[in-house]
Each structure stands twice: as structure tokens, then as C-alpha cells.
Amino acid sequence: MDCIFCKICNGDIPSYTLYEDDKIKVFLDINPISNGHTLIIPKNHSVDLDDTSLDTINYTLAKAKDIKKLLEKKLNPIGIRLVQNNGTLEEVKHFHLHLIPFYNDNNKMNVEDVYKILNN
Ligand code: AMP
Ligand code: ZN
């Protein structure tokens with residue numbers, strides 16, 4: 001299947017990975033809305049909310065709680081938005097959650113520098 005997120009899960013396409021286990025992968029969005037914009041994806045391909053099991057949704061959401069704390073601790077945002085797109089709003093047709101931090105001062109850094117901060 002020609003799915004860019006499946007390729008990221010397989011390691012065929014590199015990513016700034018923050019966390020990985022046998023079920024999910026967490027990595028920085030390559031075209032971020034803000035510093036620390038993170039994607040949480042199940043490794044098992046499903047398309048959208050309708051197509052994804054509650055078990056899988058729960059598991060990805062549980063990790064979103066952890067990663068939210070990490071982003072808060074390292075990047076000090078004023079708030080963090082949790083987003084999941086469906087239909088034409090979903091650009092990549094592989095189920096994923098976005099965590100999008102917001103700041104008073106939206107000085108965008110390059111993704112590699114944000115990655116370094118998050119891994120320190
Ligand atoms: P959505 O509109 O919810 O499908 O969002 C898909 C997101 O995936 C966008 O924010 C893209 O910037 C992001 N994205 C696309 N390709 C990559 C990639 N190779 N690595 C990291 N993020 C990506
Ligand atoms: Zn996929």
C-alpha cells in the first residue's frame with residue numbers, strides 16, 4: 001500500500017521519532033503549525049475515526065496524554081490542542097492524532113532543533 005505513514009512506521013521514510021513501541025509511533029510533524037507539533041499514529045493501517053478500533057483509539061489517546069506532558073515540560077506552551085481530521089480535512093489517509101502547542105510568541109524553529117530540545 002502506498003501510504004506515507006505506513007512507510008514511516010516501517011522505517012522506509014525517516015522521521016523525528018519521540019516514542020515508538022510495537023503498536024504506535026510518535027514523531028514530529030514535518031510541516032508544523034508550531035514548535036512541537038506532534039503526530040501519534042497506530043502502526044496498523046486504518047484510515048479514519050470510523051475505521052479505527054476503540055482499543056487503538058484508546059491506546060493512541062493514552063500516549064497523547066504522556067506526550068502532552070512532555071511538550072509542556074520542554075516547550076512551555078500556553079496551551080495544547082488535540083486534533084484528529086476526517087474526510088477531506090484528512091490529508092494523510094492513515095489514522096493519526098495531532099498535538100499542537102500554542103505560544104504567545106510563535107517564533108518557529110526548525111524541526112531538528114525542536115527535536116533536540118525534546119530529547120534533552
Ligand atoms: P492531516 O491533515 O490530519 O492528514 O495531517 C497530516 C499531517 O502530516 C500534516 O500536518 C503534514 O505536515 C504531516 N506530514 C506529512 N508527511 C509527513 C512526513 N513525512 N513526516 C512528518 N509529518 C508529515
Ligand atoms: Zn498507512
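Which backbone nitrogen does the side chain of Asp21 reach? In this predicted model, the side chain of Asp21 reaches the backbone nitrogen of Ile24, at 2.9 Å. The same side chain also makes a polar contact with the side chain of Tyr19, at 2.8 Å. Asp21 sits in the loop between strand 1 (17-20) and strand 2, and its relative accessible area is 14%, so Asp21 is buried, the cut-off being under 20%. Leaving aside residues up to four places away in sequence, Asp21 touches Lys43 and Tyr59. Asp21 and Pro42 are 21 residues apart in sequence, while their C-alpha atoms are 9.7 Å apart in space.

A second buried residue is Thr38, which belongs to strand 3 (residues 38-42) and has a relative accessibility of 0%. The side chain of Thr38 reaches the backbone oxygen of Gly36 at 2.6 Å. When residues up to four places away in sequence are not counted, the residues that Thr38 touches include Leu18, Val26, Phe27, Leu28 and Asp29, and also Ile67, Leu71, Leu97, His98 and Leu99.

**Ligand 1**

Around ligand 1 there are 16 residues, of which Asp29, Glu91, Val92, His96 and His98 come nearest. The table gives the distances from oxygen atoms of ligand 1 to polar atoms of three residues.

| Residue | Atom in the residue | Distance to an oxygen atom of ligand 1 |
|---|---|---|
| Asn85 | polar side-chain atom | 2.9 Å |
| Leu89 | backbone N or O atom | 3.2 Å |
| His98 | side-chain N or O atom | 2.7 Å |

His98, listed here for its side chain, is also among the residues that Thr38 touches, and Asp29, which is one of the residues that come nearest to ligand 1, is likewise touched by Thr38.

**Pocket and cavity**

Rolling a probe the size of a water molecule over the atoms shows where empty space is left. The largest pocket holds about 450 Å³ of space, and its lining is made up of 23 residues, with Phe5, Asp29, Leu39, Glu91 and Val92 lying nearest its centre. Two or more residues of that lining come from each of helix 1 (4-10), strand 2 (24-28) and strand 5 (97-102), and helix 1 gives the most, with three residues. By residue class, the lining of the largest pocket divides into 14 nonpolar, six polar and three charged residues. Asp29, Glu91 and Val92, which are among the residues nearest the centre of the largest pocket, are also among those that come nearest to ligand 1.

A search of the whole structure for cavities of 30 Å³ or more finds one, and the space in the largest cavity is about 50 Å³. The residues that line the largest cavity are Leu28, Asp29, Pro32, Ser34, Asn35, Gly36, His37, Met109, Val111 and Val114; they divide into five nonpolar, four polar and one charged. Gly36, whose backbone oxygen is reached by the side chain of Thr38, is thus named again in the lining of the largest cavity, and Asp29 belongs to that lining too.

**An exposed loop residue**

Asn76 lies in the loop between helix 2 (54-75) and strand 4 (79-83). Its relative accessible area is 63%, and Asn76 is therefore exposed, since that class begins over 50%. Most residues other than glycine have a negative phi. Asn76, although it is not a glycine, has a positive phi of about 55°.

Key
Residues are numbered from 1 along each chain as its sequence is written. Chains are lettered from A and ligands numbered from 1 in the order in which they are written. This is a predicted model: local features need pLDDT of at least 70, side-chain atom pairs count only at pLDDT 80 or more; totals for chains, interfaces and linings use all residues. Side-chain values use heavy atoms; hydrogens and water are left out. On a 1 Å grid over the protein atoms alone, a cavity is a set of points where a 1.4 Å probe fits but cannot get out, and a pocket is an open set with protein on both sides within 12 Å along at least five of seven lines; lining residues have an atom within 4 Å of a point. Grid points are joined across faces, edges and corners, and a volume is the space filled by probe spheres set on the points. Helices (H or I, at least four residues) and strands (E, at least two) are DSSP runs, numbered from the N terminus. Ala, Val, Leu, Ile, Met, Phe, Trp, Tyr, Cys and Pro count as nonpolar, Asp, Glu, Lys and Arg as charged, and the others, Gly among them, as polar. Buried means under 20% relative accessible area, exposed over 50%, partly exposed in between (1.4 Å probe, protein chains only). Contact means heavy atoms within 4.5 Å. A polar contact is a pair of N or O atoms within 3.5 Å; within protein, one must be able to donate a hydrogen and the other to accept it, and residues adjacent in sequence count only if both atoms are side-chain atoms. A residue is near a molecule or strand if one of its heavy atoms lies within 4 Å of it.
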